[in-house]
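Please open the model in your viewer, with the sequence panel alongside, and follow the stops below in order.

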Amino acid sequence: MAVRIRLARKGRKKLAYYHIVVADSRSPRDGRYIEKIGKYNPLTNPATIELDFDKALGWLQNGALPTETCRAILSYKGVLIKKHLLDGVKKGAFDEPEAIRRFEEWMKQNEEKIEAKKSGLEKSRDDELESKLASEKRVNEARAAKLAKRQAQLAAKAEAESQPEPVEEVQPAEETQPVTDTTPQTSPETSPEEKPQE
């Protein structure tokens, strides 16, 4: 019987989380398992991993094979490095205190990486929030300016309508006198060129 460390899917559609289980390789993905050793939630950033370190290490030492995803999770939590160091102690490459020291050094570096990632995510979240607030402020200022301009136009229009229209004064018409023609009238019979001779 091949024993595997793998993920069993839980949750609902598009909101899945997983149990890390030790199960027979022939059993269904979400079916019967031997032991549950942790939880994995990929929806959070960074992903949330709860793992029983000692149980996972014990199953690895007894020959359980992890799937690719579980191998990555166990490596992230330091189970694989611990197994590797304990195998080195068994072979006599170094003693147990040296293995513990190396493991603690690795864990410290890993925790620093995790903290750096978390702080980077928080900083990017804060920067994104600040940029959204700044853009919203610009939009609000533009709206306020547009509204003030519109209100000024409406006020000017209302003021123009409220003032009485100036009444044109009717000036008395000048008395008209008949136009007299001052040009001398000549008779059609006599033209100015034909003057009677005396």
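Two residues are taken to be in contact when heavy atoms of theirs lie within 4.5 Å. On that basis, residues 24 or more positions apart account for 40% of the contacts in the chain with a separation of 6 or more. Please keep in mind throughout that this is a predicted model.

**The whole chain**

Begin with a cartoon view of the entire chain, in which there are four helices and five strands, arranged along the sequence in the pattern β-β-β-β-α-β-α-α-α. If you then colour by accessibility, buried residues make up 19% of the 198 residues.

**The nonpolar core**

Next, select Ile-5, Ile-20, Ile-37, Leu-51, Leu-74 and Val-79, which, among the 17 residues of the largest nonpolar core, touch the most other members. The elements that each supply at least two residues of this core are strands E1 (3-12), E2 (15-24), E3 (35-41) and E4 (48-51), together with helix H1 (53-61) and helix H2.

Stay with Val-79 and show what surrounds it: once its neighbours within four places in sequence are left aside, Val-79 is in contact with Leu-51, Phe-53, Ala-56, Leu-57, Leu-60 and Leu-74.

**From Phe-53 to helix H4**

Phe-53, one of those contacts of Val-79, leads to the next stop. A search of the whole structure finds two aromatic pairs. In the pair formed by Phe-53 and Phe-103, the ring centres are 5.8 Å apart and the planes stand at 55°, so the pair is classed as tilted. Because Phe-53 belongs to helix H1 and Phe-103 to helix H4, this pair ties together parts that are 50 residues apart in sequence.

Are these two rings buried or exposed? Phe-53 has a relative accessibility of 23% and therefore counts as partly exposed, whereas Phe-103, with a relative accessible area of 12%, is buried.

**Where helix H2 meets helix H4**

Now select helix H2 (residues 68-77) and helix H4 (residues 96-162), whose axes come within 9 Å and cross at roughly 105°. Since angles of 65 to 115 degrees count as roughly perpendicular, H2 is roughly perpendicular to H4. To see the contact itself, display the side chains of Ser-75, Tyr-76 and Lys-77 on H2, and those of Trp-106, Met-107, Asn-110 and Ile-114 on H4. Sorted by class, the residues in this contact of H2 with H4 are four nonpolar, two polar and one charged.

**The loop between E3 and E4**

Move to Asn-45, which is found in the loop between E3 and E4, and measure from its C-alpha atom to that of Lys-118: the separation is 8.4 Å, although the two residues are 73 residues apart along the chain. With its neighbours within four places in sequence set aside, Asn-45 is in contact with Lys-117, Leu-121 and Arg-125.

Which kind of peptide bond joins Asn-45 and Pro-46? The bond is cis, with omega about -5°, and Pro-46 also lies in the loop between E3 and E4.

**The loop between E1 and E2**

Finish at Lys-14, placed in the loop between E1 and E2, where phi is near 65°, a positive value in a residue other than glycine. Show the surface here as well, because Lys-14, at 72% relative accessibility, counts as exposed.

Terms used
Residues are numbered from 1 along each chain as its sequence is written. This is a predicted model: local features need pLDDT of at least 70, side-chain atom pairs count only at pLDDT 80 or more; totals for chains, interfaces and linings use all residues. Side-chain values use heavy atoms; hydrogens and water are left out. Axes are lines fitted to C-alpha atoms, for helices over the stretch in contact, and angles run from 0 to 180 degrees between N-to-C directions. Angles under 35 degrees count as roughly parallel, over 145 as roughly antiparallel, 65 to 115 as roughly perpendicular and the rest as oblique. Ala, Val, Leu, Ile, Met, Phe, Trp, Tyr, Cys and Pro count as nonpolar, Asp, Glu, Lys and Arg as charged, and the others, Gly among them, as polar. A nonpolar core is a set of buried Ala, Val, Leu, Ile, Met, Phe, Trp, Tyr and Cys residues joined through side-chain atoms within 4.5 Å. Buried means under 20% relative accessible area, exposed over 50%, partly exposed in between (1.4 Å probe, protein chains only). Rings of Phe, Tyr and Trp (its six-membered ring) pair if their centres lie within 6.5 Å; planes under 30 degrees apart count as stacked, over 60 as edge-to-face and the rest as tilted.
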